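User: Could you walk me through a pocket and a sheet in this model?

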Amino acid sequence: RIYKYQAHGYAFSSLEELLRSLGGEAFVNMTQRSVAESLLEVGVTQRFVDDVIAAVLRSSYGQSVLVPAFAGAMSLAGAQGSTWAVEGGNKLVCSGLLKLTKANIIPARVTGISLHNSEGRALYQVHYEGSEGQGSAFYDMVVVTTPLHPSRNNFTFENFEPPIADFPGAFQPSVTSVVHGYLNSSYFGFPDPKLFPFANILTTDTPDLFFNAMDNICPVNISAAFRRKQPQEAAVWRVLSPQPLDKQQLKTLFRSYYSVQVTEWQTYPRYDAAKGLPPIVLHENLFYLSGVEWVASSMEMIAVAAKNVALLAYNRWHQDLEKIDQKDLMHKVKTEL
């Protein structure tokens with residue numbers, strides 16, 4: 001539904017309104033109760049939740065079945081095998097879009113936004129620090145695309161009344177270790193590595209377990225001549241864990257290894273720390289994109305939110321209020337067709 005609405009130029013001024021347009025109050029409620037509770041209510045067994053749902057959530061969000069149902073459903077959808085990847089990294093989506101838009105990119109870190117008035121209309125001064133020192137520029141519209149939560153926020157808002165405060169919540173730390181080595185199949189119950197049949201290993205919510213998931217990495221574009229490494233051969237494995245792996249833990253997972261590349265990052269919202277959904281509109285023409293992550297975090301959700309903000313900004317600027325927060329949109333879209 002959202003793609004049809006956006007194709008017709010419709011936008012939403014809050015995450016709640018966006019969700020209501022797609023699935024009514026049921027979708028809003030899915031952000032306020034856990035995926036475990038929701039699944040148990042519709043007849044999914046506790047064992048399936050513990051053994052399968054928990055494993056999927058640990059491998060995607062690095063969290064438990066207590067995440068909200070909407071985020072949990074998004075995670076489960078991504079486990080069905082129909083996802084895609086970009087050769088060279090998904091970051092190329094962003095750089096490719098920037099190139100297509102011919103945007104004027106200022107390579108600097110934004111430190112703050114201050115509000116000014118120009119002939120009765122809001123004007124936003126964006127302050128930044130770059131390699132050439134400090135600078136600033138004035139804009140009619142600003143879209144903030146960095147999380148405005150205490151664990152991530154590193155810039156300020158000035159002259160806004162009421163003040164724009166940090167939103168409650170935190171982000172989930174995660175560690176990705178890319179290891180080139182020989183898997184220790186004995187640790188997984190296969191003394192003979194030739195008999196190890198798996199390319200992906202998920203884990204349940206078990207105390208003292210030091211990793212969430214691991215998988216055997218292969219190229220995005222697989223040629224006809226491609227042959228996946230046999231389990232007794234050295235291969236490249238990706239290990240997801242909440243903390244960096246120490247040498248003993250690496251020795252537990254691998255008989256030996258040639259190299260380890262480690263990346264630590266703040267991956268997703270800590271969904272158990274959510275205190276409601278952040279706003280989209282921070283001020284008259286100041287918009288917030290990253291709040292959608294607190295509904296569910298994925299590249300597709302961010303893309304949907306970005307188009308919504310673009311349409312919302314456009315419609316508000318041109319006072320086309322018939323395109324904002326409309327009810328019964330499916331009927332309106334069919335009428336327009």
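Analyst: What follows covers the second largest pocket and then an open sheet. This is a predicted model, in which local features need pLDDT of at least 70 and side-chain atom pairs count only at pLDDT 80 or more, while totals for chains, interfaces and linings use all residues. Residues are numbered from 1 along each chain as its sequence is written, and side-chain values use heavy atoms, with hydrogens and water left out.

User: How much space lies in the second largest pocket?

Analyst: About 390 Å³, where a pocket is an open set of points on a 1 Å grid over the protein atoms alone, where a 1.4 Å probe fits, with protein on both sides within 12 Å along at least five of seven lines; the volume is the space filled by probe spheres set on the points, which are joined across faces, edges and corners.

User: And which residues are closest to its centre?

Analyst: Of the 22 lining residues, those are I2, L22, F70, M74 and M301, lining meaning an atom within 4 Å of a point.

User: Which helix gives the most to that lining?

Analyst: Helix 8 does, with six residues; helices here are DSSP runs of H or I, at least four residues, and strands are runs of E, at least two, numbered from the N terminus.

User: Switching topic, what is the strand order in the open sheet?

Analyst: The four strands run 3-2-1-5 with mixed pairing, two strands being paired if DSSP finds at least two bridges between them. Strand 3 (133-139) and strand 5 (156-158) are the edge strands, each pairing on one side only.

User: How do strands 2 and 3 pair?

Analyst: Strand 2 (residues 121-130) pairs with strand 3 in the antiparallel sense over seven bridges, and Q125 stands opposite F138 in strand 3.
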